[in-house]
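Student: I have a structure on the screen and would like to go through it with you. Could we begin with how its interior is put together?

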Amino acid sequence: MSGNGLATYKPTVGSYEDAVSYIERPDFERRGDVEVNWTTIRIFCVAVEDGNLSYWDSAFADSQWGGIIAPPAMLMAWVARLPWAPDGEASAPVPLTLTVPLPGTAIVNISNVTEYFAQLHIGDHVTANDVIESISPLKRTAAGDGHFVTTRSVYTRQDGTVVAVERNTLLRYIPREALA
Amino acid sequence: VTQRDWDNVEVGERLPLFEDVLTFTRVASAPAATLDWYPLHHDPEFARANGQPGVVLSTVQLMGLVDRVVTDWAGPTTFVRRREIRLLHSVFACDVLFCTGTVTAKDDRDLRTDARGWVSVDVEVKNADGLLCCAAAITIEIPGTT
């Protein structure tokens, strides 16, 4: 049994015409449960086997960056919610691309473009603001027919500095076997 | 500390081949760090029920892997400015990956003001069957003196 709150990952089903009204609808905000911290940075470095001194050596990082910095790929970690809470209210929000009504019940990530403008240091708090930037018409793909959904996320530090802008495209599709 | 200097980087230069063994410990460490608990990235039973042969790596872990290929080569004074990644074939826990990189461009826009120059690198990640799993284009900023 995969007791993982799978309902969280169930896409809203609807038509492309319904979905288009979600484009540039503002302010889906994500705030994390953990601030930028060294322990989480090091666990990520274990996953990647990244020995970069900027993440491991405070003397080097102090002289180069003014302190330990976070690997750029970790952006999402700083706006993520814990999957459990003492009051039982695990509050991880449904990802924006799953709330858009589309025929596709399955998702697969296609591409991601992220531009970085500032480094994140231990103790920083990050907020993400997401909008749906575009939704393609129905396309035929090897996985099945679906729509490509591009989300734009602006990541802002507690002092108002925009640290990164991310564009992620995923495919919301109807699996081929479901049609058979 | 080995740090590449912008002046000595050549367009067309190839990065050292990087071979990567994705143990379960490493694959499980990624959700622990990123809190991306989508079960596809840690639960083999869920992955198989969704038509996958095993646990599928998250995009964030792949982004970390391609960044490391470039920053290991360039050195720790590197600032990753832009990363584009295209996901072409799923990467699974226990896969062995072969990562290659090639310098595609240099840009001196900040060299006179900041003594830092920009370098663009293409990275390709293939699995043991030779399938191209992801392709990335990464632009970094490193020290330069010209």
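Tutor: A definition is needed before the interior can be described: a nonpolar core is a set of buried Ala, Val, Leu, Ile, Met, Phe, Trp, Tyr and Cys residues joined through side-chain atoms within 4.5 Å. Please also keep in mind that this is a predicted model.

Student: Understood. Which residues touch the most other members of the largest nonpolar core?

Tutor: They are Ile41(A), Trp78(A), Trp73(B), Val119(B), Val123(B) and Ile140(B), in a core of 65 residues. Helix H3(B) supplies the largest share of this core, with nine residues. Another core lies apart from it and has eight residues, including Leu96(A), Val100(A), Ile132(A) and Val149(A).

Student: Is there a general reason for such clusters?

Tutor: In soluble globular proteins, nonpolar side chains tend to be buried together.

Student: Take Ile140(B). What is it in contact with, leaving aside neighbours within four places in sequence?

Tutor: Ile140(B) is in contact with Val70(B), Trp73(B), Ala74(B), Thr78(B), Phe79(B), Val80(B), Arg81(B), Gly117(B), Trp118(B) and Val119(B).

Student: Let us step back to chain B as a whole. How many helices and strands does it have?

Tutor: Chain B has four helices and five strands, and along the sequence they follow the pattern β-α-α-α-β-β-α-β-β. Its C-alpha trace spans about 55 × 30 × 25 Å along the principal axes. Of the 146 residues of chain B, 56% count as buried. Among contacts in chain B with a separation of 6 or more, 70% are between residues 24 or more positions apart.

Student: Which residues of helix H1 of chain B are buried?

Tutor: In H1(B), which runs over residues 24-34, the buried residues are Arg26(B), Val27(B), Ser29(B), Ala30(B), Pro31(B), Ala33(B) and Thr34(B).

Student: And what covers them?

Tutor: The cover includes strand E1 (18-21) and helix H3 (59-74) of chain B, together with helix H2 (38-48) of chain A. After H1(B) comes Leu35(B), which has a positive phi, near 60°.

Student: So chain A takes part in that cover. How many residues of each chain are in contact?

Tutor: On the chain B side 40 residues are in contact with 41 residues of chain A. The area buried between the two chains is about 3500 Å², and carbon and sulfur atoms give 60% of that.

Student: What about polar pairing across the interface?

Tutor: There are 11 residue pairs in polar contact between chain B and chain A, counting those with both residues at pLDDT 80 or more. The elements that give two or more residues to the chain B side are H1, helix H2 (44-49), H3 and strand E2 (79-87) of chain B. H3(B) gives the most, with 10 residues. By class, that side of chain B has 17 nonpolar, nine polar and 14 charged residues.

Student: How many salt bridges are there between chain B and chain A?

Tutor: The count is one. The side chains of Arg26(B) and Glu49(A) form a salt bridge, at 3.7 Å from N to O. Arg26(B) is also among the buried residues of H1(B).

Student: And how many salt bridges over all chains?

Tutor: The count comes to 17. In one of them, Arg167(A) pairs with Glu133(A), with the closest N and O atoms 3.0 Å apart. This pair links distant parts of the chain, Arg167(A) being in strand E6 (residues 162-175) and Glu133(A) in strand E3 (residues 126-135) of chain A, 34 residues apart.

Student: Why is Arg140(A) counted as exposed, and why is its partner Asp145(A) counted as buried?

Tutor: Arg140(A) counts as exposed because its relative accessibility is 67%, and exposed means over 50%. Asp145(A) is buried because its relative accessible area is 14%, and buried means under 20%. The closest N and O atoms of their salt bridge are 3.2 Å apart.

Student: One last residue: where is Asp5(B) placed?

Tutor: Asp5(B) is in the segment before E1 of chain B. Its side chain reaches the backbone nitrogen of Asp7(B) at 2.9 Å. Leaving aside neighbours within four places in sequence, Asp5(B) is in contact with Ile142(B), Pro143(B), Gly144(B) and Thr145(B).

Methods: Residues numbered from 1 in each chain as written. Chains lettered and ligands numbered in written order. Heavy atoms only, no water. Buried < 20%, exposed > 50% of the residue type's maximum accessible area, 1.4 Å probe, protein only. Contact = heavy atoms within 4.5 Å. Buried area = accessible area lost by both parts, 1.4 Å probe. Salt bridge = Lys/Arg side-chain N within 4 Å of Asp/Glu carboxyl O. Polar contact = N/O pair within 3.5 Å; in protein donor to acceptor, adjacent residues only side chain to side chain. Nonpolar A, V, L, I, M, F, W, Y, C, P; charged D, E, K, R; others polar.
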